[in-house]
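Visitor: I should like to take a close look at a single part of this structure. Could you please guide me through one residue and its surroundings?

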Amino acid sequence: MRKWSPLIVVALAGLAVASCDSGREPAAPAAPVFTNSASGDLSGYYLPIDETRVGKWALDHAFVGQAAEFQSWQGGERATTFAPLMLQFEDTTSPMTQTEMGEARSVTARVLPTLYVVNDSEVRFEGRSPELGRVMFSGRLDQGALATARRNLGDEGAVLTGSLKVGDAPAQVVRMRWWMGD
């Protein structure tokens, strides 16, 4: 008969106990992170300079709201169709329709955040939509280019450059210009 050292017996007993159900409830998932620590106004529409597509979906814009909208969202006041940071895609196969801003695709998908971090140099976003699945964006803000664009009420230069990942598709580099909107 083989003799086991006391240390091995204790270690095996510890593993057996650790593998048993402790009867405790599983830990709750971490609360979503929503932070905006930007010192200035970043609000506006960020439009892709180059076409950014995933299948039939094209990134139309990223919207960044004003400080009060971020405060409301972070305080728990949340709508099902609007957030202070959201991405909108359009179905490139859908018919065009006339809007007050001109022609636009008739089918869009708005992605609201499950996480965002916004500061003077970074915009990080995660969200989910039924049409696109999980959507992640991480980008760097160029404050000098943003200031120029704001002075000119829009500009063609990139103010936000980052990486966009939609569902299982590979990540894409995205360059965006700023537009105030109407």
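Guide: Glutamine 88 counts as buried in this predicted model, because its relative accessibility is 12% and the cut-off for a buried residue is under 20%. This glutamine is found in strand 5. Leaving out residues up to four places away in sequence, Gln88 touches Ala58, Leu59, Asp60 and His61, and also Thr108, Ala109 and Arg110.

Glutamine 88 also has a place at the largest pocket. That pocket holds about 580 Å³ of space. Its lining is made up of 22 residues, and Gln88 is among those closest to the centre, together with Tyr45, Asp60, His61 and Met101. Strand 5 (85-91) is one of the elements that give two or more residues to this lining; the others are strand 2 (44-48), strand 4 (57-64), strand 7 (102-105) and strand 8 (108-118). The largest share, 4 residues, comes from strand 7. By character, the lining residues divide into 9 nonpolar, 6 polar and 7 charged.

Let us now turn to the preceding residue. Leucine 87 is likewise found in strand 5. Leucine 87 is buried, because its relative accessible area is 2%, where the limit is under 20%. Setting aside residues up to four places away in sequence, Leu87 touches Leu59, His61, Ala62, Ala109, Arg110, Val111, Phe125, Val135, Phe137 and Leu164. One of these partners shows how the chain brings distant positions together: leucine 87 and phenylalanine 137 are 50 residues apart in sequence, while their C-alpha atoms are 9.2 Å apart in space.

Leucine 87 leads to the largest nonpolar core, which has 38 residues. Those with the most contacts inside this core are Leu87, Tyr46, Phe89, Val135, Phe137 and Leu164. In soluble globular proteins, nonpolar side chains tend to be buried together. Valine 135 may serve as a second example from the core. Apart from its neighbours within four places in sequence, Val135 is in contact with Leu87, Phe89, Val111, Phe125, Glu126, Gly127, Leu164, Lys165 and Val166.

Finally, these details may be set against the chain as a whole. Its secondary structure comes to 3 helices and 12 strands. Of the 182 residues, 35% count as buried, Gln88 and Leu87 among them. Among contacts with a separation of 6 or more, 51% join residues 24 or more positions apart. The chain exposes about 11200 Å², and carbon and sulfur atoms supply 54% of that area.

Definitions and conventions:
Residues numbered from 1 in each chain as written. Predicted model: local features only at pLDDT ≥ 70, side-chain atom pairs only at ≥ 80, totals over all residues. Heavy atoms only, no water. Core = buried A, V, L, I, M, F, W, Y, C linked by side-chain atoms within 4.5 Å. Buried < 20%, exposed > 50% of the residue type's maximum accessible area, 1.4 Å probe, protein only. Contact = heavy atoms within 4.5 Å. 1 Å grid on protein atoms, 1.4 Å probe; cavity = no way out; pocket = protein on both sides within 12 Å on 5 of 7 lines; lining within 4 Å. Points joined across faces, edges and corners; volume = space filled by probe spheres on them. Nonpolar A, V, L, I, M, F, W, Y, C, P; charged D, E, K, R; others polar. Areas by Shrake-Rupley, 256 points an atom, 1.4 Å probe, with all protein chains shown as cover.
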